[in-house]
Amino acid sequence: MSKRDLKKYLGELNKEQLEEQIIELYEKFSPVKKYYDFVFNPKEDKLLQECKVKISQEYFPIKKPNAKWRPKAKLRRSVAQKYIKHFILLGVDPFVIADIMLYNIEIAQTYSSQNLIKQELFYKSMLNSFEQAVNFSISNGILPNFKERILAIQQETIQQKWKNKYDFEAILEKID
């Protein structure tokens, strides 16, 4: 069904029928429920904290009580990417989204400063995240608010001697 067909169909419904359909969508589909829950009660700070905890646990998992060993770090960039995509769909403030984007890289750098990472894919994915964060900040006109953190991330790649440190530098050259 095209958007035009949908508009035509919705235009033919009365107010009561529209309300019934929206309530049905709300009850039937979790994404619709999440959207309306967020619209009427945003609590962006709570979402931000939950997200940061989940991302942190990817790198620094918490040992469960009575467990004999500490769980292994998973280093999954996808966890942060799911949150970022979800926040964009919800219409969360761009400052919050940019904060998460940068936090994901910063926590990964904290981990890599303490642990040797041999997987080339880790560095490549952090570069992709960095480029995405810089582009997002530029497109939303909030780069000046995050420039210091962006520069610090790039400097950290040099300090930790990441193999792709010059690629991070090349991204920053585009914005100067």
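A pocket, as used here, is an open set of grid points with protein on both sides within 12 Å along at least five of seven lines, and its lining residues have an atom within 4 Å of a point. Keep that in mind as you work through these exercises on a predicted model.

**Exercise 1. Which helix supplies the largest share of the lining of the largest pocket?**

*Step 1.* Start with the space itself: the largest pocket holds about 320 Å³.

*Step 2.* Look at its walls. The lining is made of 13 residues, and Lys 34, Leu 47, Glu 50, His 86 and Leu 90 lie nearest the centre.

*Step 3.* Now turn to the helices. At least two lining residues come from each of α3 (30-40), α4 (44-59) and α5 (77-90).

*Step 4.* Helix α5 has the largest share, with four residues.

*Step 5.* Finish with the chemistry: six lining residues are nonpolar, two are polar and five are charged.

**Exercise 2. Describe the second largest pocket, and find the helix that gives the most to its lining.**

*Step 1.* About 270 Å³ of space lies in this second largest pocket. Its lining counts 14 residues, with Lys 74, Leu 75, Ile 117, Gln 119 and Phe 122 closest to the centre.

*Step 2.* Helix α7 (residues 120-139) gives the most to this lining, namely three residues.

*Step 3.* Sorted by class, the lining of the second largest pocket has seven nonpolar, two polar and five charged residues.

**Exercise 3. Place Gln 160 in the fold and decide: is Gln 160 buried or exposed?**

*Step 1.* Find Gln 160 in the loop that runs between α8 (143-159) and α9 (165-175).

*Step 2.* The relative accessible area of Gln 160 is 19%. Buried means under 20%, so Gln 160 counts as buried.

*Step 3.* Check the surroundings. Beyond the neighbours within four places in sequence, Gln 160 is in contact with Gln 109, Ser 112 and Ser 113.

*Step 4.* Add the polar partners. A polar atom of the Gln 160 side chain lies 2.9 Å from the backbone oxygen of Gln 109, and the side chains of Gln 160 and Trp 162 share a polar contact of 3.0 Å.

**Exercise 4. Examine two salt bridges in helix α2: how far apart in sequence are the partners Lys 28 and Glu 24, and how exposed is Lys 15?**

*Step 1.* The structure holds six salt bridges. In one of them, the side chains of Lys 15 and Glu 19 meet at 3.8 Å, N to O. These residues are four apart in helix α2 (residues 15-28), so about one helical turn separates them.

*Step 2.* Lys 15 is exposed, at 62% relative accessible area, whereas Glu 19 is partly exposed, at 40%.

*Step 3.* Lys 28 and Glu 24 form another bridge, at 3.9 Å, N to O. These partners are also in helix α2, four residues apart, or about one turn.

*Step 4.* Lys 28 counts as exposed at 58%, while Glu 24 is partly exposed at 47%.

**Exercise 5. Which parts of the chain does the salt bridge between Glu 106 and Arg 149 link?**

*Step 1.* The closest N and O atoms of Glu 106 and Arg 149 are 2.9 Å apart. This pair links distant parts of the chain, with Glu 106 in helix α6 (residues 94-114) and Arg 149 in helix α8, 43 residues apart.

*Step 2.* Glu 106 is partly exposed at 23% relative accessibility, and Arg 149 is partly exposed at 24%.

*Step 3.* Widen the view: Lys 52, Asp 99, Glu 106 and Arg 149 are linked in a network of salt bridges.

Definitions and conventions:
Residues numbered from 1 in each chain as written. Predicted model: local features only at pLDDT ≥ 70, side-chain atom pairs only at ≥ 80, totals over all residues. Heavy atoms only, no water. Buried < 20%, exposed > 50% of the residue type's maximum accessible area, 1.4 Å probe, protein only. Polar contact = N/O pair within 3.5 Å; in protein donor to acceptor, adjacent residues only side chain to side chain. Contact = heavy atoms within 4.5 Å. Salt bridge = Lys/Arg side-chain N within 4 Å of Asp/Glu carboxyl O. 1 Å grid on protein atoms, 1.4 Å probe; cavity = no way out; pocket = protein on both sides within 12 Å on 5 of 7 lines; lining within 4 Å. Points joined across faces, edges and corners; volume = space filled by probe spheres on them. Nonpolar A, V, L, I, M, F, W, Y, C, P; charged D, E, K, R; others polar.
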